[in-house]
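Here is a short report on a sheet and the helices around it. View the structure first, then read on.

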Amino acid sequence: MKKIAMFGTGYVGLVNGACLAHIGHSVLCCDIDDRKIGTLNAGRIPIYEPGLDLIVRSAVTEGKLAFTSDLAAAVERSDLLFIAVGTPMGHDGAADLRYVQAVAEFIGRHLRTPKTVVVKSTVPVGTSRKVERWIAGQMADPSVRFDVASNPEFLREGSAVSDFLNMERCIVGADREETIEEVASCFAPLDVPIHRTGRESAEMIKYAANAFLATKISFINAIANLCERMGADVEDVAEGIGSDSRIGRSFLKAGIGYGGSCFPKDTHALRWMAENAGYAFPLLEAVIRTNREQKFVLLGKLAEAVGSLQGTKIGVLGLAFKPNTDDMREAPSLDIVPALLGGGAEVRVYDPVAMEEARKAFGEEVTYASDPYEAIAGCDACLILTEWPQFLELDLDRVRELLKRPILLDGRNCFPPERMRRHFLTYYSVGREPVVFEPSEQYA
Ligand code: UDX
């Protein structure tokens, strides 16, 4: 079993650190943020991720996992040093590498014995070579051997722990065979296929994977927009094309576009890399544009259903970028709610876990409800922006009674449209024929 230091206790660092400890390694998660380390040492998990608290607790109890802000000690006692700090999107779309560089230089200054440095953060192609130079540039004793590997991560928020434990593939890129084998051995307990590559390929795999998944989503959203115009049903189309194993069913769920901390950032970063490499990448450009526009398609339907927003009251259900997370980064709600407010609507919002995050984004501009029914009471329309399981269980008769006007706009295709007729609701979804309620139907 290995001695591992994980630099960065953000999403990637914390999940990977805890999971590596869970499968038997001795892991020290470190961060320069004393407060965060204090929180973790007090047994609290600063992010919402199902199952993470359990594995953190048991790994800490077993003495496999600890948290520290003493980064130098972490370098000293560990054989493998994972860099898992954030790489936020810079103003030009490029990944901002300042935190990666800071950790690399710190490692360089404290390197006394041979180590393997593993870049886990999502970084532009070519960065692990820069990391090598940043480390070497700070070393007091240049004879100490070290090597840098790339090991991108593919965990999804909301299912990160089970994604790790049931990993489908693990990418390890390095120049030396021994380095690849050392990093691969960390994942041996998972019995996962290891893809051994060069460093540049490993780095590219991460961007290509996310850009490809984003492409599938934008593609099905474009097909959805076309389905609406041509009388087809996007759910049937997705099922029909997805059952061709060459295409596959996953990531063909039409909606109001992808958000989160990865797809938007990584597609922009890849576009930036392509531009720098002298390649325009028009396909990726279209994916990004389609996603930007898709968020507003629902607003067009809202205008069709209620007319001017001025003086209306709109209930919004779901604010997180997807279910099972409180993460609102690049969530469609961040564009849709301000657009509703800008149009003169009074907005009432509810999300099962992202309310605290929502307050940071919307402040006093919206009303925060304590359940979905309170959010829609007396509203001219209800908008569903995230497909939380509890919304699928909504009592639609109660929804109908509480709404001032019986209008439901579903950005995530949570319900079969036929059901809406039985509940006398006007229902707009994505890529499917709208159901328009005529009051005479209710009494027929
Ligand atoms: C993603 C990748 O899946 C993961 O491998 C990578 O490491 C990080 O980025 P994540 O952002 O957590 O993970 O969420 P994911 O479940 O992939 O969904 C991303 C976005 O796409 C969400 O906004 C989701 O609503 C949207 N989506 C996903 C769709 O609109 N349709 C789909 O069919 C799938």
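## Two helices crossing

This model is predicted. Helix 9 (residues 199-230) packs against helix 12 at an angle of about 45 degrees. Their axes lie 9 Å apart. Angles from 65 to 115 degrees count as roughly perpendicular, and those under 35 degrees as roughly parallel. Helix 9 and helix 12 are therefore oblique to each other. Their crossing is left-handed.

Helix 9 makes the contact through Ala211, Ala214, Thr215, Ser218, Asn221, Ala222, Asn225 and Glu228. Helix 12 supplies Leu284, Val287, Thr290, Asn291, Gln294, Val297 and Lys301. By class, the residues of this contact are 6 nonpolar, 7 polar and 2 charged.

## The parallel sheet

An open sheet is built from 6 strands. Their order is 11-10-9-12-13-14, and the pairing is parallel. Strand 11 (367-368) and strand 14 (426-428) form the edges. Each of these edge strands pairs on one side only.

Strand 12 (residues 381-384) and strand 13 (residues 407-410) run parallel, joined by 3 bridges. Leu383 stands opposite Leu409, a residue of strand 13.

## Helix 12 on the sheet

Which strands does helix 12 touch? Helix 12 (residues 282-306) packs on the sheet and touches strand 9 (313-317), strand 12, strand 13 and strand 14. The direction of helix 12 makes about 170 degrees with that of strand 13. Helix 12 thus has two sets of partners here: the strands just named and helix 9.

Conventions. Residues are numbered from 1 along each chain as its sequence is written. This is a predicted model: local features need pLDDT of at least 70, side-chain atom pairs count only at pLDDT 80 or more; totals for chains, interfaces and linings use all residues. Side-chain values use heavy atoms; hydrogens and water are left out. Two strands pair if DSSP finds at least two bridges between them. Helices (H or I, at least four residues) and strands (E, at least two) are DSSP runs, numbered from the N terminus. Contact means heavy atoms within 4.5 Å. Axes are lines fitted to C-alpha atoms, for helices over the stretch in contact, and angles run from 0 to 180 degrees between N-to-C directions. Angles under 35 degrees count as roughly parallel, over 145 as roughly antiparallel, 65 to 115 as roughly perpendicular and the rest as oblique. A crossing is left-handed if the near helix is turned anticlockwise from the far one by less than a right angle, and right-handed if clockwise. Ala, Val, Leu, Ile, Met, Phe, Trp, Tyr, Cys and Pro count as nonpolar, Asp, Glu, Lys and Arg as charged, and the others, Gly among them, as polar.
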